[in-house]
Amino acid sequence: MRYSLTPIRELLARLVAGFCLITAPASAQFASTPEAEWMTITTPHFRIYHPKELGDWARDVAGRMEGIRTAVGEMVGYTPPQVIEIIVEDPVNQTNGSALPLQRGPTIRLWPIPPAPGQLGHYREWGELVAVHEYAHLAHLLRPTRIPDKRLIEAFLPIVVSPIVENAPAWIFEGYATVIEGRLTGSGRPNGVFRPAILRQLALEGKLPSYDALDDVTPFLGGAMRYLVGSAFLEWLADRDGWATHQQLWRRMTARTERSFEEAFRGLYGENPDRLYGRFVAEVTAKAAAADRVMQGAGEVRGTLFQQLDWFTGAPSVSPDGKRVAVERVQPGKAPRIVVWSMEPKVDKDSVSRAKRDSTAVAGADSAGGATGRLGRANGARRRAAKVDSLDVPDRPFLPAPREEMAVLVPQGGAGWEEPRFLSDGRHLTVIRSEVLADGRSTPDLWVWDADSGDVRRVTRGAAIRAADPFPDGMRAAGVRCLAGRCDLVLIDLTTGQVTPLARGGFDANYSGVRVSPDGLWVASARQADGRWEVVRVEVATGALRPLLPRDEASRYEPTWLPDGSGLIVVSEATGTPQLERIALDGTATPLTRFAGLTSLPEVSRDGRTFFLAMHARGWDLRTIRLDSAAAPARVVLADSLAPVAPRQRIAEAKAFPTSAIGSLPYGIGRLGATWLPNVNISAEGQDRGGALVVSDAVGRLGAVLQGGYGERAVWRGGSLAVTWRGLRPSVGVQTFAARHLPSQQEYEPLLDGSFDAEYRGIAVVTERTHPGTTGAVSWRAAASQGSLQGRAAPCITCLASWAPIPAGARAVVAGQLAASRTFTPRGRVRIAPSVSADLAAGRTDGTAWRRAQVQGGLRVGGWAGGGLELSAQYGQVTADAPGYERFALGGAVSPYVDPLLLQGRWEAPGQAFGALTGTRAFRARVSLAGAFVQVDHAGIGEIGPGRRLVGFETLIATPAVPAARFPAFRAKAGIAMPLDGPRRRDAVFYTTLVLTP
């Protein structure tokens, strides 16, 4: 038996792996609403928690979970024995799910909003599909190690994960869950048309990711490659060596013989994964070329490029007069924006002038709309180039000229817009933006944008409108509203914002997309039915529903009306590739496009052109095709042998997971769970070591942190117990603490007067609340505390090491903090985020009353790619006769045991000795850029006083609690700093601090 890690390194490796699992998703996790009316569903192997309003969806999923557990366990070859906690919530009105594969406390999060047609493929019910996928993660990633020594070490670790989580690349996690999703449901990504289309297009452009780039999320669709390419590669391995090899690979990775992922893979498949992946890419590329030849042989019809674009482009909207087109544009490092283009190419005034001088052969404008004609400009360019270099060859025109931007809607307050749709006047557009609710959740609402003046007007509030399309009268809009796992068709009054149901959806019959007919009498949408999508018309006056049913079982969606209302253009999967199709009202279908790529989101202009998006390896282009350019009636279906660049036939393993009746009970305080965490703090004061016991329920109603530590005499030593109840708003917490701090014992700059030396014991009640908003937030905290200070007298004259204790004195404090922040995005170019906070405190220490006030202002200026410049300034003042313990002390680390509201006068700077500056007035200014900072401090008695300068590099991580993992909120800081003044000037100090709160 061999080991690659010593027990200590093993401990650190497991901690890091588990910490990354918790904190990486935490950045994308959204806080639950613990004050909501939560309910609990219990099955033999699951506990499902949900807000009352999501009860129907949660019970439907809960009734399937035991069947899903059995089926997934059989396919994966392992069934976790743990009881799994499932949290159903709807924090941002989006489609998602996640799994946390901790050996102690595995958890699943499910968001009930169903997906629109797209990468996720088809599904019978969204709850079934997402539950299979997320439980597949746990069945795969909870398989424990079989090495006895490791099992022994894990018994003492706070966080335990499987060797698969430690060693396997991330594409394995999502790729394998996607494979299971497809094989067990007969739907999802492996059985849809989008995965083949994306693989086909990437392969044709030679842009399939390399093996090392499979986990890279930065390129276009980079985050999707783990699911799409990873699952296809695993299926390719199974077709090559048998489906049982998947289970064998996981068994080898958790065996008593320790192996890396590469060793386990090579011993099973004969070669390293990167080499076999190279063969997979070669085969996929060859099949993509074969599929392309099939399309070309049948007569390729792909329309005309209107505008070459990159990254994400939203659905086009053409103005009623046909002169403008609006789209949503999202590009990395740039502000998301709505742009309105002219239908005419942008005219370059300089080139026009040159063309007038250089070309006399061609006059007037050509059909593309140039001022003197494209040919004239080209001739002029050739003449100029010939004078410089007679052998040079000028550019050939391949791409359409850029369109003129007539209006742009950039984010306001940091929040962007989407789904633009023109009203009948051609000036106003409806747009959608996600708005933050009072409880911290967010949901999309409808606005109206005046493209000429730039003004926006809010129409709905908390209406959860995912898509909308105005009626010809400009007074109403039809929309799709998604709530509690159902998507309905609704009517929206654009004046009052009133929302009226038109057609109800269901868990297995949701609506996606909406378009109003030219006469305003009908609304077209796509409805999920029997595991596929069908196009339907709904009569506005009566709500009567009429499907458009061609004679096949293919999915069709994203309908848009022809200008005369005689039919619709839709995206059809009849050929196994997403193509545009024209459907008459009697259901007759006529193909419109035929090529090997992927089409999406058609829109018809009044002149008969159909605008649509076509995917390429770097994003989506905007193309057009005329209705009289339709493809030949014969449909070309790619053979199943071309998989994975053609859709696979549904496989025999697909199972049904019928739901069973099940009930919910009140949540109460939930089921409490516990974990422990180590803690090490290093600062200019010294070092301390300790640990914490964390207790929490799954949704975060009740949290407690019991912690303690011991270290060098100058640092904070002691312990505390903090308990917080968030079942109410505002939250209420109680903290009791006993901590000793002796800055007179610092190695450098000891505070020999002993005024800050004390053992502080007490109890505090703390309440807080945040009032979030879409563009900013306001928060407040308040605390009241009663305690005692056991201090020390000043050092004796003859012996600085001798101290005489003095009697304990009482300390009572009432303190509060009010903070506000706002985000501005002028012209969408940068984010400017000012913030301000004010702290007030009053109390009595050793019989002397005192009052303290301090204010802080900050400004962050950054681009859309992250980073940026941060400026802050802080000023504080305490009454002149305040006891020494209440004076300001700049420097040192924050106390991990006492709430900072009770020690407002301590301004932390771990790279500087505690109390490097003290006084009744204090000032701090700080500038930081990309982690590097310069800080200037001043403090004095009755005046600002002398100063200290500090430079360094620092990183700060602050995350909210992850209750499902029983992980507390924490604020971790690490850096290196160099004082430029004082005894330790030019002496670099490394520091790291960690503060845990419930």
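In what order do the four strands of the open sheet stand, and is the pairing parallel or antiparallel? Let's work through that and a few more exercises together.

A note before starting: this is a predicted model, in which local features need pLDDT of at least 70 and side-chain atom pairs count only at pLDDT 80 or more, while totals for chains, interfaces and linings use all residues. Residues are numbered from 1 along each chain as its sequence is written, and side-chain values use heavy atoms, with hydrogens and water left out.

**Exercise 1. Lay out the open sheet.**

Step 1. Recall the terms: helices (H or I, at least four residues) and strands (E, at least two) are DSSP runs numbered from the N terminus, and two strands pair if DSSP finds at least two bridges between them.

Step 2. The order is β20-β21-β22-β23, and the pairing is antiparallel.

Step 3. At the edges are β20 (511-516) and β23 (545-548), each of which pairs on one side only.

Step 4. From one strand to the next, the twist averages 30° (axes are lines fitted to C-alpha atoms, for helices over the stretch in contact, and angles run from 0 to 180 degrees between N-to-C directions).

Step 5. Now look at one pair: β21 (residues 522-529) and β22 (residues 532-539) are joined by eight bridges in the antiparallel sense. Arginine 527 has glutamate 534 of β22 opposite.

**Exercise 2. Describe the salt bridge of aspartate 56 and of arginine 740.**

Step 1. The criterion is a side-chain nitrogen of Lys or Arg within 4 Å of a carboxyl oxygen of Asp or Glu. By this rule, there are 51 salt bridges.

Step 2. Aspartate 56 meets arginine 59 at 2.9 Å, N to O. The two are three residues apart in helix α2 (residues 55-76), so about one helical turn separates them.

Step 3. For exposure, buried means under 20% relative accessible area, exposed over 50%, and partly exposed in between (1.4 Å probe, protein chains only). Aspartate 56, at 43%, is partly exposed, and arginine 59 is also partly exposed, at 25%.

Step 4. Arginine 740 bridges to glutamate 759, with the closest N and O atoms 2.6 Å apart. Because arginine 740 lies in β36 (residues 731-741) and glutamate 759 in β37 (residues 758-772), the pair ties together parts that are 19 residues apart in sequence.

Step 5. Arginine 740 is partly exposed at 32%, whereas glutamate 759 is buried at 13%.

**Exercise 3. Characterise the disulfide.**

Step 1. A disulfide is a covalent bond between the sulfur atoms of two cysteines; the test here is a pair of cysteine sulfur atoms within 2.5 Å.

Step 2. The structure holds one disulfide, formed by cysteine 482 and cysteine 487 with their sulfur atoms 2.1 Å apart.

Step 3. The link of cysteine 482 and cysteine 487 is right-handed, with 110° about the S-S bond. Both cysteines are buried.

**Exercise 4. Find the nonpolar patch and the strands behind it.**

Step 1. Patches take residues with over 30% relative accessible area and no salt bridge, joining like charges within 9 Å and nonpolar side chains (Val, Leu, Ile, Met, Phe, Trp, Tyr) within 5 Å. Accessible areas come from the Shrake-Rupley method with a 1.4 Å probe; for residues, only the protein chains shown count as cover.

Step 2. The members are Leu859, Val861, Leu869, Leu871, Val927 and Leu929, with about 420 Å² of accessible area together.

Step 3. At least two residues of the patch come from each of β41 (848-863), β42 (866-878) and β46 (921-929). Leucine 929, for instance, is in β46.
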